[in-house]
Amino acid sequence: MPADTAIPTHAGAVVIGGGAIGCSTLYHLAKFGIADCVLLERNQLTSGTTWHSAAQVRQLRSTRNMTRLVQYSAGLYSELEAETGQATGWYQTGSVSIATTPDRLIHIRRQAALARAFGVQAAEVGAVEVRRMWPLANCDDVIGAIHSPEDGRVNPSDFCQALVKGARSRGARVFENTAVTGFVKSGGRIAGVETARGQIRADTVILCGGLWSRELAGLAGVEAPLVPCEHFYLLTKNIEGIDGHLPTLSDHDSHLYIRDDVGGLLVGCFEPRGKAIDPAALGENFAFGLLNEDWDHFEPMMLNALHRIPALETAEVRMLLNGPESFTPDGSFLLGESAEAPGLWLCCGMNSVGIATGGGAGWALAQWIREGAAPFDLNEVDPKRFPAVQNRLDTLMERAPEVLGKHYAIAYPGHQWETARGLRKSPLHECWAAARARFGQVYGWERPLYFGSEGEPELTFGRPAWFEQVAREVDAAHSRAALFDLSTFGKIGVRGADAEMFLSRVCANDMTRPPGRAVYTAMLNRSGGYESDLTAFRLAGDDYVLYTGTNAPKRDLAWLRRHLGDGQRVALRDETERSAVLGPMGPDAASIAERLGGAVLLDLGYFRHCQAELAGIQVRAARLSCVGEAGWEFTCDAKDAKALHDALSHAGAEPAGLYAQTSMRIEKRFLAMGHELDGDVTPIEAGLDFAVKKDVPFIGSHALAARRREGSRARLVTIMLDDASAVPLGDEPVYVAGDFAGQATSAAFGHRVGHPLVLATLDARAVPNPDGVHVELDIAGESAGGTASLRAAFDPRGERMRRSGALEGVA
C-alpha cells in the first residue's frame, strides 16, 4: 500500500497509533465525514500488539452495551471485504464454552441468558455435542457447555489493511515511522501534536497507542492507567484430525482457549497470576517484537492443555509465543475524552479484547466525536473512573498480573481485588478495621462492606456468607440506630458570583433555593440522560457543595468544567478528602443526637441542613437518609471524624456497611448511578421527573420535553420474588408471558420484607401497565417468578422523605 509522504500542518482529527483500534477509529472518522483525518504510527501498522493477536471475536459480554460493541465488530469484519476488496480473514467458526465445575456452569448459563436477551445466539449443549464439535477434546469431566455459533475470528493484519484502505478512499492519510513527541495546547485544550517531522494542529486528537498509551498520555498531563503484561500462546505444527475450522474451545476452568491454526493448534492462556512488564523494558524501538519464551511459567497451563487435548502429547511445537498486551486496574478498557485535557480522547488498555471490541469501539468513538455524544452509555469504560493513585506505575505493576489472571474468573458476587489495596482510606478506617470490617475497594477507597468478618468469605452464587451479618446491620438501622460511613462521597465545591446561574444551567432541579436547603438533582446530557445524580447543599448565596458518588468526582468535575462559560465567575474544587461524613440512621438516631447536644436538630426538616455542635464537634447536619430510615448525615472536618465516631458509637449507634445500605436502598426504591441511572435513562423513565424543573431551560430540558410528549419508553419497577431462597444478582433478563420485557438493574435480599428484591427496567411498549404484573427472571437458566410494582417494597409508616432522598448515599 503506497505511503503518504508530506505531513500536513492541520488535520480535522489526529489518531495516534496504527493498531486495530487506531485503524478502526480512522476508518470510522472518515466514514462519518470528518475531513482531513490523519493517523500517525511510530513504526509500522500493527507492529505493537495487533500483529500477534489471537484475534478471537466472542460476543458474550457481561453488559448490553459491551455486547453491542462486539456485535458491531463481527458485522464489520464480515462486510468490510465487500466494501474495500481487501480480505479480512473473517471466519464465523462459532465458539463453545465448557464447564467442568457446577459454579462455572452457572456462570456460563448466566452469560447465555444475557446473550439471548441481547440478541446473540447461545444454546446449552452437553458433553456428547462438545465431543462432536471437537473430536480431539477429552470431555470426560465436561458437565455442560454453551455453543455460540455467531462468534468467529479475523486476521488482524488483513483487517487493519482493509480499514486503512477504506479510510484512504474517503480522504484519510496514514503516516508510518512518525512518532508523537508532545502535544499542543491552546486555551486549556489539546490543539494538536508535535512530531519529529513537524507540528500538526488538530481539532481532536485520539490516543490509540496501545502499550505506550500511558506514557504518551503523560506528555499531555493525562492519566491513562494501563501497563503491559506477558501473554502466552502455544502454536503447533499439523495435527492429525484438524481438518478445516473448528469453533474456538473455551476451557476457562483450565484458564485456556484453544483453536485450530493452519492445520495445527493454537493454545492460549490467561494463567492465574500473570507477569507485568515495566514499559521502559520494552524500549522505544520495540516493533513486531516478542518476549522470551518462559516454559517454566507456561508449564502448569501446558499440563491443563494436555488433559483437555491428549493429542498435544505427541504434537510438534512450532513456538511458544510471548507477546505483550496492556491491562487496566479493573479489566475494562479506556474509551472517552480525558478529564485533564479536553480534546484528547483515549481508546486503549484493551485487556486482550482489542480485536473483539475494536470495530465497535472505533465506531462508537468516531460517532461520539462527530455528534458530541456517545451512541449509548459508555460509563463502564470511561477513563475518568480511576483516581490518580491508580495511575501510579507501582500500583499498576502490582494489580495487572491479577487482572490478567482474573480474565477467565467466575463472576462471583462479592469478588474483590486482592492486590494494590489500601490506596485510599477514610478517616475512620482504623475504627472500622477494629470492628472487623470486610472492606471493598471503590475508586481506590477502602469501604466497609459489612462487619463481623471472619476472614476471607467463600464466594458462591447461592446465599452469601455475609447474609446474617447484613441482616443484623439492617435490623440495627430499622430497630435502633446504625452508623454508616459516607466519607468517601465526592464533594465538589462550587463558589463564585455566578455559581447559581451556572448550576441552574447544568442541573435539572431548582438551584435557586435559599441557603439551608439540600437539593437532589440530576445533571443530564443533551439527550436527557443522566450524567450524574447528586445532592447540592447551598451554604451561602455564592457557595454550594455538591455531594456525588464515591466514584464520580473526576467525571463530574470534568462535566462541570466542560460547561463552564467563558468569563463565568465560578471556582470548582474537589474537596472530598477535607471532610468526613457519618450517617446515623434509625429510630434511635434522634435520641442519640439529642444526647450529644443536638436537640436543635430534632426540628430540622427533610432536605434541610444547618451548622450544629455535637459532642463539642462542629458539624453540618443534613436531614437525609440513604436507607429509608430516619436519620442525618453529619459532615465534619476529617481531623474530627474519629471523635465524632466515638461519640456516636458510645451513644448507641452500631456500625453498618455498604451491603446493608444497598439492601435498604433497593427496598426503598432509591436509584443508583450505574444501575438504574445512566446516560441512556432520563428522569421520566426513572420516575424522577418530579425532581426536574419545568419552566427554566437547562442542559437536556428540550429532550425531556420531547420525551414527555412522546411518552416514556420504559418503566422502572420493583420485583418481589416469590421464592425466598432465590438469589438474583441484578442483571438478569426479565420475561412477561414468555417474552423478553426488560432487565434487572439491582438486586438484594430485602431483610425488612423477607424476600429477594429486584429493581428492573421494563419496556413500556411490551408492558404498558406493569403494576401487579407477574414476571419471570432468568437466573442462570432457571425461572424465578415474582410480582412487579411501581412502588417501593418497603416504606416506613409516617415517613415524609421525598423518594429521591437516598441517591446521595450510593457508592
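Reader: In this predicted model, how are H2 and H5 oriented to each other, roughly parallel, roughly perpendicular or oblique?

Author: Helix H2 (residues 64–84) and helix H5 (residues 156–168) pack at an angle of about 50°. Angles under 35 degrees count as roughly parallel and 65 to 115 as roughly perpendicular, and the angle of H2 with H5 belongs to neither range, so the two helices are oblique to each other.

Reader: Which class of residue has 6 members in the contact of H2 with H5?

Author: The contact is made by Leu76, Tyr77, Leu80, Glu83 and Thr84 of H2, together with Phe159, Ala162, Leu163, Lys165 and Gly166 of H5. By class, 2 of these residues are polar, 2 are charged and 6 are nonpolar.

Reader: Is Thr236 buried or exposed?

Author: Thr236 is found in strand E14 (residues 227–236). Its relative accessible area is 2%. Buried means under 20%, and Thr236 therefore counts as buried.

Reader: From which residue does a backbone nitrogen lie 2.9 Å from a polar atom of the side chain of Thr236?

Author: Not counting residues up to four places away in sequence, Thr236 touches Gly264, Leu265, Leu312, Ala315, Glu316, Val317 and Arg318. The backbone nitrogen at 2.9 Å from a polar atom of the Thr236 side chain is that of Leu265.

Reader: How far apart in space are Pro310 and Tyr659, C-alpha to C-alpha?

Author: Pro310 has its place in the loop between helix H8 (295–308) and strand E18 (317–327). Leaving aside neighbours within four places in sequence, Pro310 is in contact with Leu136 and Asn138. Pro310 and Tyr659 are 349 residues apart in sequence, and their C-alpha to C-alpha distance is 46 Å.

Definitions and conventions:
Residues numbered from 1 in each chain as written. Predicted model: local features only at pLDDT ≥ 70, side-chain atom pairs only at ≥ 80, totals over all residues. Heavy atoms only, no water. Axes fitted to C-alpha atoms, helices over the stretch in contact; angles between N-to-C directions. Helix = DSSP H or I, 4+ residues; strand = E, 2+ residues; numbered from the N terminus. Parallel < 35°, antiparallel > 145°, perpendicular 65-115°, else oblique. Contact = heavy atoms within 4.5 Å. Nonpolar A, V, L, I, M, F, W, Y, C, P; charged D, E, K, R; others polar. Buried < 20%, exposed > 50% of the residue type's maximum accessible area, 1.4 Å probe, protein only. Polar contact = N/O pair within 3.5 Å; in protein donor to acceptor, adjacent residues only side chain to side chain.
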